[in-house]
Amino acid sequence: MNSYLVMAAYAAAGAAAAGLLGWPVIVLLRRRSLALALFTVAFVTALSLSASTIAVARAMLLMRHDYAVVTIVLAMGCLVSLIVAALLSRQVVAGSRALTQAARTVGSDAGFTAPARPLSSELSALSAELAATSARLAQSRERERALEASRRELIAWMSHDLRTPLAGLRAMAEALEDGVAEDPPRYHSRIRTEVDRLTGMVDDLFELSRIQAGALTLTLSRVSVYDLVGDAIAGAHPLARERGVHLVGDRVAPAPVEVDSREITRVLGNLLINAIRSTPVDGTVAVAARREAGQVVVSVTDGCGGIDEQDLARVFETGWRGGSARTPRSPATAPAGAVQHHGDTGAGLGLAIVRGIVEAHAGRASVRNVGGGCCFEIALPAAAPTA
């Protein structure tokens, strides 16, 4: 037993001496090439094994022949180990360099191009993460381009929409000032109407800016969707009567929701106004609500004739107003299937505000074509059941 302890002591002393000599080298090389660091680790390991074996062999007082055999076997084993370590380090460095070259393609128009050579599991995981990052960057860049395009469209359309009422206001003011207005009360009424229109456009811009800046503050309360829909229908009824459109809301379930009543009433009002203005005379705008998997889905269905499939994804974008929104036509002159006003009758902000408010409630807004028209849906979080 004592002899084993003595050999263990000699082996430990030899390995410790080699380790103490090699450790400073490893520390000095920690910022150098990975290949050199791996080779140094293998070299220190072989040196420790050799030192411990030679120390034990000397302690055992082996014969010269036996000692030579042990030394040769040890040298061959260490040589093979160092060769394998060198080859492995070269593979690791080659994979690292290939991944470095591939990383330069992250964020490029062509997307990330993974290395063609096989990689270790760690480098493969890093390559997959780089590919995912490149895809996210591409999506973000595409969203930024779309947002910039919508902003340019919004500025152009706002300039057009503001210029028209401002020119009219100026003309009417000059007519009143010069005393050539034949019916001043009518001019005053028209001026008030145009001012209200401009005020509504400015209010929409302010609301949209708050939504996009994340500054929309919600005051949530438990309310029945039946009451929300009823208030919205009551507010839109005068416009529907003026346009000769029938409002139907007999399929509204009295489901409770947890929402900001004021903001959701504005959402429903925007949807109803757009639907009424897009529906021909004697058409019908139907409002329905149903409970569905922890949500309450409110739908507004109109008779606009449908939206082109390629435009469905853009309906809720800022500034989008449909193909003929710039030149509205009466239902009698509009071709079948034409979108008359379905982006917005103002500056293309109403539906963008709808989506912003609904998403601020952790809901979703969507649209699809149905027979003879469109169906806009908003999904709102259902209120938790009362105890």
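These exercises work through a predicted model of a protein.

**Exercise 1. The overall picture**

Task: State how many helices and strands the protein has, and what share of its residues count as buried.

Solution:
- Step 1. Start with the secondary structure. There are 8 helices and 7 strands.
- Step 2. Turn to burial. The protein has 387 residues, and 35% of them count as buried.
- Step 3. Add the surface. The accessible surface comes to about 22,300 Å². Carbon and sulfur atoms account for 60% of that surface.
- Step 4. Look at the contacts between residues at least 6 apart in sequence. Of these, 72% join residues at least 24 apart.

**Exercise 2. Salt bridges in helix H5**

Task: Find the salt-bridge partners of Asp196 and Glu194, and classify each residue as buried, partly exposed or exposed.

Solution:
- Step 1. Take Asp196. Its side chain meets that of Arg192 in a salt bridge, at 3.4 Å from N to O.
- Step 2. Place the pair. Asp196 and Arg192 both lie in helix H5, residues 184–212. They are 4 residues apart, about one turn of the helix.
- Step 3. Take Glu194. Its salt-bridge partner is Arg197, with the closest N and O atoms 3.9 Å apart. That distance passes, because the cut-off is 4 Å.
- Step 4. Place this pair too. Glu194 and Arg197 both lie in helix H5, 3 residues apart.
- Step 5. Recall the helix rule. An α-helix has 3.6 residues a turn, so residues three or four places apart point the same way.
- Step 6. Classify the first pair. Asp196 has 42% relative accessibility, so Asp196 is partly exposed. Arg192 has 56%, so Arg192 is exposed.
- Step 7. Classify the second pair. Glu194 is buried, because its relative accessible area is 6%. Arg197 is partly exposed at 35%.

**Exercise 3. A salt-bridge network**

Task: Give the N to O distance between Glu263 and Arg262, and name the network that holds them.

Solution:
- Step 1. Read the distance. The side chains of Glu263 and Arg262 meet at 3.2 Å, N to O, in a salt bridge.
- Step 2. Check accessibility. Glu263 has 3% relative accessibility, so Glu263 is buried. Arg262 has 63%, so Arg262 is exposed.
- Step 3. Widen the view. A network of salt bridges links Glu207, Arg210, Arg262, Glu263 and Arg266.
- Step 4. Set this against the total. The structure holds 14 salt bridges.

**Exercise 4. The aromatic pair**

Task: Decide whether the rings of Phe316 and Phe376 are stacked or edge-to-face.

Solution:
- Step 1. Search the whole structure. The search finds 1 aromatic pair.
- Step 2. Read its geometry. The rings of Phe316 and Phe376 are 6.0 Å apart, centre to centre, with 80° between the planes.
- Step 3. Apply the cut-off. Planes over 60 degrees apart count as edge-to-face, so this pair is edge-to-face.
- Step 4. Locate the residues. Phe316 is in the loop between strand S5 and helix H8, and Phe376 is in strand S7. They are 60 residues apart, so the pair links distant parts of the chain.
- Step 5. Check burial. Phe316 is buried at 7% relative accessible area. Phe376 is buried at 3%.

**Exercise 5. Helix H8 and the S6–S7 hairpin**

Task: Say how many residues of H8 are buried, what they pack against, and in which sense S6 and S7 pair.

Solution:
- Step 1. Count. In H8, 8 of 11 residues are buried, and the helix is mostly covered. Among them are Leu351, Ile353 and Val354.
- Step 2. Find the partners. The buried residues of H8 pack against H5, helix H7, S6 and S7.
- Step 3. Leave the helix. Just after H8, Ala362 takes a positive phi of about 65°.
- Step 4. Pair the strands. S6 (residues 364–370) and S7 pair in the antiparallel sense over 7 bridges. Ser366 stands opposite Glu377 in S7.
- Step 5. Look at the turn. The hairpin has 2 residues between the strands, and Gly372 takes a positive phi near 85°.

**Exercise 6. Helix H3**

Task: Classify Leu74 as buried or exposed, and name its contacts beyond four places in sequence.

Solution:
- Step 1. Place Leu74. This residue is in helix H3.
- Step 2. Classify. Leu74 is buried, because its relative accessible area is 13%.
- Step 3. List the contacts. Leaving aside neighbours within four places in sequence, Leu74 touches Leu49, Ser50, Thr53 and Ile54.
- Step 4. Take one of them. Leu49 is 25 residues from Leu74 in sequence, and 8.5 Å away, C-alpha to C-alpha.
- Step 5. Turn to the surface. Ile72, Met76, Leu79, Ile83 and Leu87 make a nonpolar surface patch of about 490 Å². Leu87 is found in helix H3.

How values were computed:
Residues are numbered from 1 along each chain as its sequence is written. This is a predicted model: local features need pLDDT of at least 70, side-chain atom pairs count only at pLDDT 80 or more; totals for chains, interfaces and linings use all residues. Side-chain values use heavy atoms; hydrogens and water are left out. Buried means under 20% relative accessible area, exposed over 50%, partly exposed in between (1.4 Å probe, protein chains only). Rings of Phe, Tyr and Trp (its six-membered ring) pair if their centres lie within 6.5 Å; planes under 30 degrees apart count as stacked, over 60 as edge-to-face and the rest as tilted. Two strands pair if DSSP finds at least two bridges between them. Patches are made of residues with over 30% relative accessible area and no salt bridge: like charges are joined within 9 Å, nonpolar side chains (Val, Leu, Ile, Met, Phe, Trp, Tyr) within 5 Å. Accessible areas come from the Shrake-Rupley method with a 1.4 Å probe; for residues, only the protein chains shown count as cover. Contact means heavy atoms within 4.5 Å.
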